[in-house]
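Here are a few warm-up exercises to work through with the model open in your viewer. Try each one before you read its solution.

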Amino acid sequence: MPPKRKSDKGANVTNSKKAKKGKAKEEETSSDTVYSLEISTDTDPCQTEHGVLFSGLPVGEAIARSKNPDILSMCMFSPHRLNGLNSVKITKVVSHCGAAHSILISSNYEVFVFGRNETGQLGIGKDGKGTDVRTPFKLNQSLFSNEKICDAAVGKGHTMFLTTGQEVFSCGDNSCGQLGIGASPTSISRPKKLNFSHPVKQVACGQMFTMFVEKNGLLFSCGNPEFGQLGNGTEGKQIGTNKYIWDYVFTPNLVSRFVMKGDNVKDTRVVEDVSIKQIACGNNHTIAVDTENRLFTWGCGGYGRLGHNSTPDEYYPRQNISFLHFKTCEITSVAAGSTYSLVTMAHKMTYFCGQTRMASNGAEMYFKAVMDLSGWDITCLGTSNKSILAVGGGQAIAWGPSPTSGEMALGDGSNGGTKVSKDPKLIPYLEGFKVKAVTCGHSFSFFIVDLRSDKPSGSPENAKEFEENVKKFNEFPMYCGYE
């Protein structure tokens, strides 16, 4: 453990909306090039504070598809540097616990895409649809009408881009309405601006749904309502011909009701004046905190991931009563994995509920303190399918169950080492470096790391140290595909 500091369910899904038989055609696009290998080189490497490292399974089509016999040989069990990004200051990497693709954003608002692209989720156009992008590619800013992209969110097969002007573009799978552009087309391979009149300050994605936080804290949702994760009071289930069907929500709809329940589920009251501050989505559930420091969870309740000491699904955002006694202690961040949730607080405690290992027992039905992280000021959380990573005090920590694809970056188990750790453990490969942030996809992780010392920027000593530090991490292996 790190040293203490002082101080789901499933069913066949069919669109129930009246439509013509067969899949809707993908939106027509031109054949202009929308991806580029050209990377900005106007920044001196020795002045670039942040390096981007990758660990885990890099091949998109192999992720979550264990039938591939070569999957173990593809895994990287320690951090590797990404080719071509040493001169780019990447400030944000976005992925999701159910996703096999990622979005990287630079300090100059450059957007790079990476990973699986079978539904057009990378936004590189019809020519690249269905082909993995196995080394980061830069999107042309004209795809976003020359607007600056400052944030993004991804689901299993869709991507949402947020601009500095608080507008949203989307691309990828739209079979459940998760792009927010309407029922048709069922997928698009280039980013399309949403016709949404509300300025958006944050967007978050589940596997097949999307949540929008408006600038004043109003909450909107669209996509698959199957477990109540849209927060609109229903799972949208109907009985069709020999199967269940769901009423998908194809454009962002306001989430207008927040509730609190007592021990008796019939003892339910409405929570007033909710203004959402931060939100995160797992595969089929959502967790959010508002400006009054109230925590809400809703959607799939399996394995106790909602923290209500029960497993039923919640169709409205339900306030978690476990945090009522923390009125004077701020909730600093929330995060969601496939079947679990995490909360960090200002008094340097991290709380967990749900389950990361697939076993008949061991689920935490309510939020419980992660005692190994007591006293750690956790500034960033990464949630993969089953593994958890965290950054505190500039150090990277990981834990999770076996098997692993290397996303914990703890090593390959040789020389007395370990691939996994059921308790929080410092990542040895990153000791001595200041880790800024971590992000996880289904079976992989990204680290933004400060590779520079405190010597004056541009000094020969700094340049030499930067070069030596970069060499400490093996290059990201090149696979066939878009190169």
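**Exercise 1.** Work out why strand 7 (residues 133–139) is largely enclosed by the rest of the structure.

*Solution.* Keep in mind that this is a predicted model. Start with the cut-off: a residue is buried when its relative accessible area is under 20%. Now go through strand 7: seven of the seven residues pass that test, so the strand is largely enclosed by the rest of the structure. Next, look at a partner: strand 6 (residues 111–115) runs antiparallel to strand 7, and three bridges join the two. To find your place in that pairing, pick V113, which sits opposite F137 of strand 7.

**Exercise 2.** Find which residues touch the most other members of the largest nonpolar core.

*Solution.* This core has 51 residues, and the ones to pick out are I103, F161, F212 and L219. Then zoom in on I103, skipping its neighbours within four places in sequence: its contacts are K92, V93, V94, V111, F112, V113, A152, V154, T159 and F161. Don't stop there, though: a second, separate core has 21 residues, among them F54, C75, M76 and F77.

**Exercise 3.** Trace the open sheet of four strands and say which strands are at its edges.

*Solution.* First get the order, which is 24-25-26-27 with antiparallel pairing. Strand 24 (331–336) and strand 27 (364–369) each pair on one side only, which makes them the edge strands. From one strand to the next, the twist averages 15 degrees. Inside the sheet, six bridges join strand 25 (residues 340–345) to strand 26 (residues 349–354). For one of the matched pairs, take T344, whose bridge partner in strand 26 is T350.

How values were computed
Residues numbered from 1 in each chain as written. Predicted model: local features only at pLDDT ≥ 70, side-chain atom pairs only at ≥ 80, totals over all residues. Heavy atoms only, no water. Core = buried A, V, L, I, M, F, W, Y, C linked by side-chain atoms within 4.5 Å. Buried < 20%, exposed > 50% of the residue type's maximum accessible area, 1.4 Å probe, protein only. Contact = heavy atoms within 4.5 Å. Pairing = 2+ DSSP bridges. Axes fitted to C-alpha atoms, helices over the stretch in contact; angles between N-to-C directions.
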